[in-house]
Amino acid sequence: KLAALTELDLSYCNLIRLPVSIISLKCLSAISLTGNRLNVPPQSVCDSGLRAVKDFFAFETRKASRRSKVVLLGEAYSGKTSLIETVMRQKSFCTRSLDRTIGINEYELKLRRDKSAKVLDCGGQKSYLLSNNLFVSENTLIIIVADISDYDLTNETFDRLFGQYFHLLYERVQKCYALCVLSKYDRAISEIDRCSFGDNDSDQRKAKFQTHFSERLT
């Protein structure tokens, strides 16, 4: 659309942000942005003319391509904040109950070289379930964290801890990457032993647990 547009007058439109799609207007040779309160691009860039505006967005686009996004989902108290804090601090960290995430906490995770990842730690309260899904886009890495200390190998429990998130993700995007993190796995194995086995065959317990998950994730 507007592929042949050569001049664009956006003066006094109360704009605070220009769309990045402006760089796709290949024939555009002049733009007027007088009388706006632009934050993106900064006013100093806008005052320098169209070429400066396009260069700004081109640079931001390249920077964004080097930045990944990770979204942490899961029930409240599942261990999401402890997980990302451990990664950020590079040492074991356990979040206190009073410090649990309400809403969303954002982290900037530095990766190798000039790459980084934006990490969104989403609160696990039921009231946030639908709104958290809005932060998911294609090619986002989704990490679903679940406290499985009292896991009972039933479909109902699987759906509560994992299935509901898969369902919402599929409604939102057709392509994303999901990783399931099982917290308190050692307690789950112990519970399965108490309920299902009369011996101490830990390999058998783990195999039963892994089979249960594999059948529901395929």
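**Exercise 1. In which loop is N36 found? Then describe the surroundings of N36 in this predicted model.**

Solution.
- Step 1: place the residue. N36 sits in the loop between β2 (30–32) and α1 (43–46).
- Step 2: check the exposure. The relative accessible area of N36 is 10%. The cut-off for buried is under 20%, so N36 is buried.
- Step 3: look for polar partners of the side chain. A polar atom of the N36 side chain lies 3.0 Å from the backbone nitrogen of L15. The N36 side chain also reaches the backbone oxygen of L33, again at 3.0 Å.
- Step 4: list the neighbours. Leaving aside residues up to four places away in sequence, N36 touches L10, S11, Y12, C13, N14, L15 and Q43.

**Exercise 2. Describe the overall build of the protein chain.**

Solution.
- Step 1: count the elements. The protein chain has seven helices and seven strands.
- Step 2: read their order. From the N terminus, they run β-β-α-α-β-α-β-β-α-β-α-β-α-α.
- Step 3: turn to burial. Of the 218 residues in the protein chain, 34% are buried.
- Step 4: look at the contacts. Take those between residues at least 6 apart in sequence; 55% of them join residues at least 24 apart.
- Step 5: finish with the surface. The protein chain exposes about 13,900 Å², and 51% of this comes from carbon and sulfur atoms.

**Exercise 3. Work out how β4 and β5 are arranged, then follow I104 to the surface.**

Solution.
- Step 1: find the pairing. Strand β4 (residues 104–110) runs antiparallel to strand β5 (residues 116–122), with seven bridges.
- Step 2: inspect the turn. The two strands form a hairpin, and five residues lie between them. In this turn, R113 has a positive phi of about 55 degrees.
- Step 3: pick one bridge. I104 has C122 as its bridge partner in β5.
- Step 4: move to the surface. I104 joins L134 and F135 in a nonpolar patch of about 260 Å².
- Step 5: place F135. This residue is in the loop between α4 (129–132) and β6 (141–147). Its relative accessible area is 35%, so F135 is partly exposed.

**Exercise 4. How many salt bridges does the structure hold? Examine three pairs in turn.**

Solution.
- Step 1: give the count. There are four salt bridges.
- Step 2: take D55 and R51. Their side chains meet in a salt bridge, with N to O at 3.5 Å. Both residues belong to helix α2 (residues 50–65) and are four residues apart, about one turn of the helix. D55 is partly exposed at 41% relative accessibility, whereas R51 is exposed at 56%.
- Step 3: take R89 and E85. The closest N and O atoms of this salt bridge are 3.0 Å apart. Why are the two residues separated by about one helical turn? Because they are four residues apart in helix α3 (residues 80–89). R89 is partly exposed, with a relative accessible area of 42%, but E85 is buried at 15%.
- Step 4: take D147 and K184. Their closest N and O atoms are 3.4 Å apart in the salt bridge. This pair links distant parts of the chain, 37 residues apart. D147 is in strand β6, while K184 is in the loop between β7 (177–183) and α6 (185–196). K184 has a relative accessible area of 36% and is partly exposed.

Technical notes. Residues are numbered from 1 along each chain as its sequence is written. This is a predicted model: local features need pLDDT of at least 70, side-chain atom pairs count only at pLDDT 80 or more; totals for chains, interfaces and linings use all residues. Side-chain values use heavy atoms; hydrogens and water are left out. Buried means under 20% relative accessible area, exposed over 50%, partly exposed in between (1.4 Å probe, protein chains only). Contact means heavy atoms within 4.5 Å. Accessible areas come from the Shrake-Rupley method with a 1.4 Å probe; for residues, only the protein chains shown count as cover. Patches are made of residues with over 30% relative accessible area and no salt bridge: like charges are joined within 9 Å, nonpolar side chains (Val, Leu, Ile, Met, Phe, Trp, Tyr) within 5 Å. Two strands pair if DSSP finds at least two bridges between them. A polar contact is a pair of N or O atoms within 3.5 Å; within protein, one must be able to donate a hydrogen and the other to accept it, and residues adjacent in sequence count only if both atoms are side-chain atoms.
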